[in-house]
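Biologist: Could you take me on a close look at the metal site in this model? I would like to see how its parts fit together.

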Amino acid sequence: MARLVYYGHATFGLYQDGTGLVIDPWFTGNPRAPVRARDIRCQYVLVTHNHADHATDAAAIARASDALVISTFELATALGEQGVRAHPMHLGGQRRFDFGRVRVTPAYHGSGIAGGHAAGFVVDFFGKVVYHAGDTALFSDLKLLGELERIQVALLPIGDNFTMGPDDAVLAARWLGAAHVVPMHYNTFDVIEVDVEAFKRKAEAEAGCRVTVLEPGGELEL
Ligand code: NI
Ligand code: MN
C-alpha cells in the first residue's frame, strides 16, 4: 500500500515498502512543517522549481540519503553542482524509474533560476498516478493532461496570489478528471489564506472529485 504524506505547503512524500520519494522539500523555515529535513529519508527528490518554498532542502535531503534529484535541466544541473546525484528532465518528457514513471508537465509560473521553466510532475508510483501541479496558474492544457493520464490524486495549489485560487482550482480538478484532490499551497502565510472547506464543498459539487484536506503530518493511503 502506497502512502502519500503531506508535510505542509507544497511538500509531499510518497512511500511504499522501502522506497521514498519527496516532492518540493521545504522544511527549514516552513512554519507548518511537522518534521525537520534531517528526519527525512528517501531515494528520490523531485523539485518543480527553484523558489525557496519548494527547493530549500532539496540538496541537503538528497545528500543525507544519497537520493537522486529529478528536476528540469537547469535546476538539476545546479543541484548537481552542489554535489548531489541529479537526473535532468524537461517539459513533456517521461522516464521510467524503479518505482514507476515520471512525466514533467508545464506549469505557468516563474522557475526561480536563469533560463529555467516551472514544472509539475505526474508520478506513477507503483501504479498509483499522482499529479503534483507545482505552482501554477490555471491553464487549459490541464484538459489535455486529463486525457493523457488517468490521475488518481491531484495535488493542486489553491492559495491564490502566487498561484491559482480556489475557484480556478475547481476548474482544474474538473479538467484533470482526477478522482481525488488534495489542496496545497494555502494558509502557510497570510497572503495565501483561503477557506479550504469552502473549496472542498465546491470542488466535490462541481468537479465530481473527492477532496481530502490534509493537515501537515497527515497522510492518505493510495
Ligand atoms: Ni513558486
Ligand atoms: Mn510556491
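Modeller: **The two-metal site**

Happy to. The manganese ion (ligand 2) is held by Asp 53 (OD), His 54 (NE2), Asp 135 (OD) and His 185 (NE2), which lie 2.1 to 2.2 Å from it. Donors here are N, O and S atoms within 2.8 Å of the metal (3.2 Å for Na, K and Ca), and water is not among the atoms, so sites may look incomplete. This is a predicted model, in which local features need pLDDT of at least 70 and side-chain atom pairs count only at pLDDT 80 or more, while totals for chains, interfaces and linings use all residues. Residues are numbered from 1 along each chain as its sequence is written, chains are lettered from A and ligands numbered from 1 in the order in which they are written, and side-chain values use heavy atoms, with hydrogens and water left out.

Along the chain, the manganese donors follow the spacing D-H-x80-D-x49-H. Two of them link distant parts of the chain: His 54 sits in helix H1 (residues 52-55), whereas His 185 is in the loop between strand E12 (180-184) and helix H6 (196-206), 131 residues apart. Helices (H or I, at least four residues) and strands (E, at least two) are DSSP runs, numbered from the N terminus. Both His 54 and His 185 are buried, where buried means under 20% relative accessible area, exposed over 50% and partly exposed in between (1.4 Å probe, protein chains only).

Now to the partner metal. For the nickel ion (ligand 1), the protein donors are His 49 (NE2), His 51 (ND1), His 109 (NE2) and Asp 135 (OD), lying 2.2 to 2.3 Å from the ion. Their spacing along the chain reads H-x1-H-x57-H-x25-D. The angles among the four donor atoms run from 89 to 177°, and the nickel site is irregular. For that label, four donors count as tetrahedral if all angles lie between 85 and 135 degrees; four count as square planar and six as octahedral if opposite donors are over 155 degrees apart and all others between 65 and 115; anything else is irregular.

What joins the two sites? Asp 135 coordinates both the nickel ion (ligand 1) and the manganese ion (ligand 2), which are 3.2 Å apart. His 49 lies in the loop between strand E4 (44-47) and H1, and Asp 135 in the loop between strand E10 (128-132) and helix H4 (141-148), so this pair ties together parts that are 86 residues apart in sequence. His 49 is buried, with a relative accessible area of 1%, and Asp 135 is buried as well, at 2%.
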